[in-house]
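Open the model in your viewer and keep the selection box handy. We will go stop by stop.

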Amino acid sequence: MHIRNLLVIPALLCFCATVALSDTAPKSAHADIVNAQGTKIGTAKLKTVSGGVQIKVSVAQLAAGAHGIHIHAVGKCEGPAFTTAGGHFNPTSAHHGINNAQDPHPHAGDLPNLTVRANGKGRGSATIVTKDVTLGAGANSLFHDGGTSLVIHEKADDLMSDPAGNSGNRIACGVITK
Ligand code: ZN
C-alpha cells in the first residue's frame, strides 16, 4: 500500500510524503554538488550497503590534492560560503576526526579525505563506506528534519582537530536528496 501511494505522488511532493513513508527506508540517495558560483561540478551517489552507507563522489574543476569532505547537519547549500549547511552532522555530540584523542569521536558525518587527481580536468572520485549514518529513520538519518548535505573543503582534513580538521573554507556543497 505504501509503495502504491509512493508511485502516484508527484515528485515535487516527495518531501511531504517522507513522514508517512518513514518506515520504508530509501535504498539510495544522491546529491548534486555545486561550487561557490553555483555551477554544478559533480555528483554523489549514496546507497545502503551491508555495513553502512556507500558514498560515491565524482567531481571536476577542483584543485588537485586532498580535500576534507563531510556530511553537514543541514540540507541547505547557499554559496559562496555554504555556512547554511551548518556544522558536521554530529547526532552523538562527539569530537571531530577519526584520529582525535578525545572520546567520543568521530562525528557521524566525518569521512576520509577526497583526493582529486591532477589528470587534466582535476577530476576526482572516491567511494566511501560509513557505518555511522543511515538513509532510514532514527537519530543518524541523513533525512532527519531539515536534511543533510555533503560539503567539500579547500584543504585536507587533519582527521583530529575540532571542529573540522583545519580543512579551511567550504568550496563545494550538495544537498543529500532522495
Ligand atoms: Zn567532523
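Start with the metal. The 4 donor atoms around the zinc ion subtend angles of 99 to 120°, so the arrangement is tetrahedral. Keep in mind that this is a predicted model.

**Stop 1: the zinc site.** Select H88, H96, H107 and D110, the protein donors of the zinc ion. The three histidines each bind through ND1, and D110 through OD. These donors lie 1.9 to 2.0 Å from the zinc ion. Now look at the sequence: the donors follow the spacing H-x7-H-x10-H-x2-D along the chain. H96 and H107 both sit in the loop between strand 5 (69-72) and strand 6 (114-116), so this pair ties together parts that are 11 residues apart in sequence. Are H96 and H107 buried or exposed? Both are buried.

**Stop 2: the hairpin.** Select residues 28-35 and 40-49, which are strand 1 and strand 2. The two run antiparallel and are joined by 7 bridges. Find I33 and look across to strand 2: G42 stands opposite. Strand 1 and strand 2 form a hairpin, with 4 residues between them. In the turn, click G38, which has a positive phi of about 85°.

**Stop 3: the other partner of strand 1.** Add residues 170-175, strand 9. Strand 9 runs antiparallel to strand 1, and 2 bridges join them. Which residue of strand 9 is the bridge partner of N35? It is A172.

**Stop 4: the nonpolar cores.** In soluble globular proteins, nonpolar side chains tend to be buried together. Show L46, I55, V57 and I71 as sticks; these have the most contacts inside the largest nonpolar core, which has 28 residues. Strands 1, 2, 3, 5, 6, 7 (124-130) and 8 (149-153) each supply at least two residues of this core. The largest share, 4 residues, comes from strand 3. Apart from this core lies another, of 5 residues. Select V34, A85, V151 and C173, which are among them.

**Stop 5: a loop residue.** Finish at A63, in the loop between strand 3 (52-59) and strand 4 (65-67). A63 counts as exposed because its relative accessibility is 52%, and the cut-off for exposed is over 50%. Now select A118 as well. A63 and A118 are 55 residues apart along the chain, yet their C-alpha atoms are separated by 7.9 Å.

Definitions and conventions
Residues numbered from 1 in each chain as written. Predicted model: local features only at pLDDT ≥ 70, side-chain atom pairs only at ≥ 80, totals over all residues. Heavy atoms only, no water. Donors = N, O, S within 2.8 Å, 3.2 Å for Na, K, Ca; no water. Tetrahedral: all angles 85-135°; square planar, octahedral: opposite > 155°, others 65-115°. Buried < 20%, exposed > 50% of the residue type's maximum accessible area, 1.4 Å probe, protein only. Pairing = 2+ DSSP bridges. Core = buried A, V, L, I, M, F, W, Y, C linked by side-chain atoms within 4.5 Å.
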